[in-house]
Amino acid sequence: MTDVLKIENLHVAVEGKPILKGVNLTIKRGEIHALMGPNGSGKSTLGFAIMGHPNYEITAGSIHLNDQDVLEMAVDERARAGLFLALQRPVSIPGVRLADFLRHATTNVRNPDRKEGEELIPMREFRKEIKDKMNHLSMDMEFARRYVNDGFSGGEMKRAEILQLAMLQPKFAILDETDSGLDADAVRLASQSIADIGGENMGLLIITHHDKLLEHNPPQFAHVMLGGKIVETGTVKLAQELHTDGYDRIRKAYPEAAAAELEMNEEEVSPAV
Amino acid sequence: MSASTVTEVEGFSPAAFDRLIESRNEPAWLQELRQSAFDTFQSMSLPSRKEEEWMRTDIRMFHLDKFAVPEQVKPEVELPLGVLRQGVDVGGSIVSYNGHTVESNLSEELRQQGVIFGSIAEVLEQRPELLEKYLLTKAVDPHFDKFSSLHAAFFTGGQVLYVPKNTVVKQPLHALSVLGPGGVDLGHTLVIVEEGAEVTMLNETASLDNKAPGMHCGAIELIQHPNSHLRYINLQNWGQGVWHFAHQKAIVERDSTLYWTIGALGSRLSKVNQHVALVGEGAYCEVNGVMFTEGKQHLSYHTLQHHEAPSCRSNFLYKTALQDHSRTVWRGMIKVDNAAQKTDGYQRNDNLILTEHARADSIPGLEIEADDVRCTHGATTGKIDEEQIFYAQTRGFTRKEAMRAIVIGFFQQVFDRIPLESVRDALGNAIASRVREYE
Ligand SMILES: Nc1ncnc2c1ncn2[C@@H]1O[C@H](COP(=O)(O)OP(=O)(O)OP(=O)(O)O)[C@@H](O)[C@H]1O
Ligand SMILES: [Mg+2]
């Protein structure tokens, strides 16, 4: 049976402020979904909510991975169950070498029942594997000795996220603007790598403002988020349309969501009383 | 385990002092040294928070009369091996229990080279002139305060390391001091490195019972002759019921290098004065401090890097992580004498607060009398970042594993400066095992 990630009527608030207002989305393993939408529409919020970031409060709705209730799981349990989020803004952890970080991560994700303190995967085996993966991504081994995202350029951070995706081999991955900050060559390489890593084995939710990534990873479904809701779902054609024409048509077609968008943005700029 | 050491209630009284002198067949110069320290001890009261040095360190709960001069006793259980020598081929080792040496050995090869490594009593037999010259005369001042005078008057055990001229000692030497429940340790460490010599010493402390009360009032003296190289690693790992008072001083002569690592993990309360005097041109000292505190521990470190000669460099880095209600005080001073032109002094203290109620005070200071110098200092205090924890969790780390990794990462910069792997591992493991999970 194919694995399914199912999000139903998801409502999410941050600091009491509603951001997502009823998101429905079903992704089967092996499918590629593109998630588009103007800045601030709630795309990253959806990613954080799926992974269980503590600041994102689920006020209604559900997320299931097959028959598992994802909302009942701790963040790391979600990772071990096969969910992955490549962050729009990866976090740096000074003093922790990327290789050590990934060895620990890979061990935990591959052995979901591992208890703290139990053996990590053997160094040799791990080194060989990470070396292969880094070669494939045209990354220098020296890179793995650097501290996690510490002093990385924007592009380096995104490539490090892709390396982690490649090592962890999740069932479902949300790639939040993994293509931004990369130069033209790097985008091509990243797009190709993601296609190689993903393929049949992964369900991908690609959040992007560009079209290169989608060229190499043509989505079966393209979704548009506006004002905290997915307002339209189409094919790759929809994604292309939005790239060339922007969101005017969408805003006109969905006045309620457009109004919600305005409201969200207004609240942001209005001074606290 | 029974309290095995405090057999008399007379504490550190004149009677106790007389008995100590009688029981030890020591040369006149040492008896005089003890006597004059004892006079100072008696004339002083315990420091109070009115004194600048003790403003942030409250010892009203410390009752000296609960402790006494330690008797020589056999430990009732097997003593731990210590963590610093794991996987290290040591050239000699000394173990003391409640301030008395219980084991002392040195490899024949090093003995042949003229290296001396033994208890104070042993060296007093073999080379009294060496102790007369260096013990509590050049570095630590017995009359500095109540604790230095207590130490000088009453010290029992301790270890001496002497490395002769141009002798390069490859194997580290290891000393371990263990306290039993209720025990007292007045141990003294004296290291003398002659001209052109080179050595590494591992010095650590431990308690049999992590909760039991105890007291350590000690001193460390490091004497480096010109062009000598010393790596001194000091792990303070007393149990959390131990009161720890120490005066530590290094004298570094011309073209010598001193790499001094301090791990401070244990004790109920610590008040340590660490002083490095760069007295000869071109001397270099690097200090790496790693502190981790928890529960209600209070660790107070006062460091002084004193540039007395020109063209010396000093580089102090102290990193501290604190959890629970623990507290640390770091007071660093770079002092540059008029003569010490071309000084390059650096000091830094970074603190990572893991829980709401922990508190770290950093007080860096400069006192500069020369004009052609470069001195920089800095201090930071921050909390653990929830975004880092979340990020690591999205990669499968449990919350606790994430916190551990972040805390160890915080220390990595100072670990990178520690030359010995066994020391890095010991400190890293000790800290990792202490980090708990917080919401
Ligand atoms: N942690 C947070 N604290 C405060 N506000 C937040 C937080 N996360 C999201 N928001 C708010 O929620 C709204 C949606 O933000 P989100 O980051 O999900 O948008 P996005 O669609 O990913 O935008 P972009 O395309 O710019 O990345 C915005 O108004 C944003 O300010
Ligand atoms: Mg976003």
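Begin by selecting the magnesium ion (ligand 2), whose protein donors are A:Ser44 through OG and A:Gln88 through OE1, lying 2.0 to 2.1 Å from the ion; donors here are N, O and S atoms within 2.8 Å of the metal (3.2 Å for Na, K and Ca), and since water is not among the atoms, sites may look incomplete. Colour chain A by secondary structure, and A:Ser44 appears in helix 1 (residues 43-51) while A:Gln88 sits in the loop between strand 6 (83-86) and strand 7 (93-97), so that the pair, 44 residues apart, links distant parts of the chain. Helices (H or I, at least four residues) and strands (E, at least two) are DSSP runs, numbered from the N terminus.

This is a predicted model, in which local features need pLDDT of at least 70 and side-chain atom pairs count only at pLDDT 80 or more, while totals for chains, interfaces and linings use all residues. Residues are numbered from 1 along each chain as its sequence is written, chains are lettered from A and ligands numbered from 1 in the order in which they are written, and side-chain values use heavy atoms, leaving out hydrogens and water.

Stay with A:Gln88 and show its surface: the residue is partly exposed, because its relative accessible area is 23%, and the class lies between buried (under 20%) and exposed (over 50%), with a 1.4 Å probe and protein chains only.

Next, select chain B, which holds nine helices and 20 strands, and turn its C-alpha trace, which spans about 65 × 55 × 50 Å along its principal axes. Of the 439 residues of chain B, 63% count as buried.
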